[in-house]
Amino acid sequence: MSRLSEREEQAKALANGEEIESNPIAEVEAYPSRFTTLSYFFEEGDGVEIVQDMENDQADPEIYYFDDSGRTRLTTGALYLWAINKWEEDN
């Protein structure tokens, strides 16, 4: 069984109210989030996502452009620079 399949089964059991001695899905809520994410949306529904790994706060955040077709990581360009500047202003 893949790890994803295992997690799906654990989540299903939790949603069905089954009593399980140790269910990692229930326990995961006790741990802090590792990533901070900010999303900015354009009127047309596309946008920019800024993701910072809190365990490596010295690294620049990852920047993504997203639309209905998915998301693309940006590493250069005007939109990338805007997002980095926006992140630095807000943090």
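**Exercise 1. Which residue in β4 stands opposite tyrosine 64?**

Before starting, note that this is a predicted model, in which local features need pLDDT of at least 70 and side-chain atom pairs count only at pLDDT 80 or more, while totals for chains, interfaces and linings use all residues. Residues are numbered from 1 along each chain as its sequence is written, and side-chain values use heavy atoms, with hydrogens and water left out.

Solution. Begin with the strands (DSSP runs of E, at least two residues, numbered from the N terminus): β3 covers residues 62-67 and β4 covers residues 70-74. These two pair in the antiparallel sense over five bridges, where pairing requires that DSSP finds at least two bridges between two strands. Reading across from tyrosine 64, one arrives at arginine 73, and tyrosine 65 has threonine 72 in β4 as its bridge partner. Finally, two residues lie between β3 and β4, which together form a hairpin.

**Exercise 2. Place the hairpin in its sheet, and find which strands stand at the edges.**

Solution. The open sheet has four strands in the order β1-β2-β3-β4, with antiparallel pairing. β1 (35-41) and β4 each have a single partner strand, so one side of each is left without a neighbour in the sheet. From one strand to the next, the twist averages 25 degrees.

**Exercise 3. Where in the protein chain is confidence lowest, and where is it highest?**

Solution. The pLDDT, the predictor's confidence in each residue from 0 to 100, averages 88 over the protein chain. The lowest mean, 76, belongs to helix α2 (residues 24-27), whereas strand β3 has the highest, at 97.

Methods: Axes are lines fitted to C-alpha atoms, for helices over the stretch in contact, and angles run from 0 to 180 degrees between N-to-C directions.
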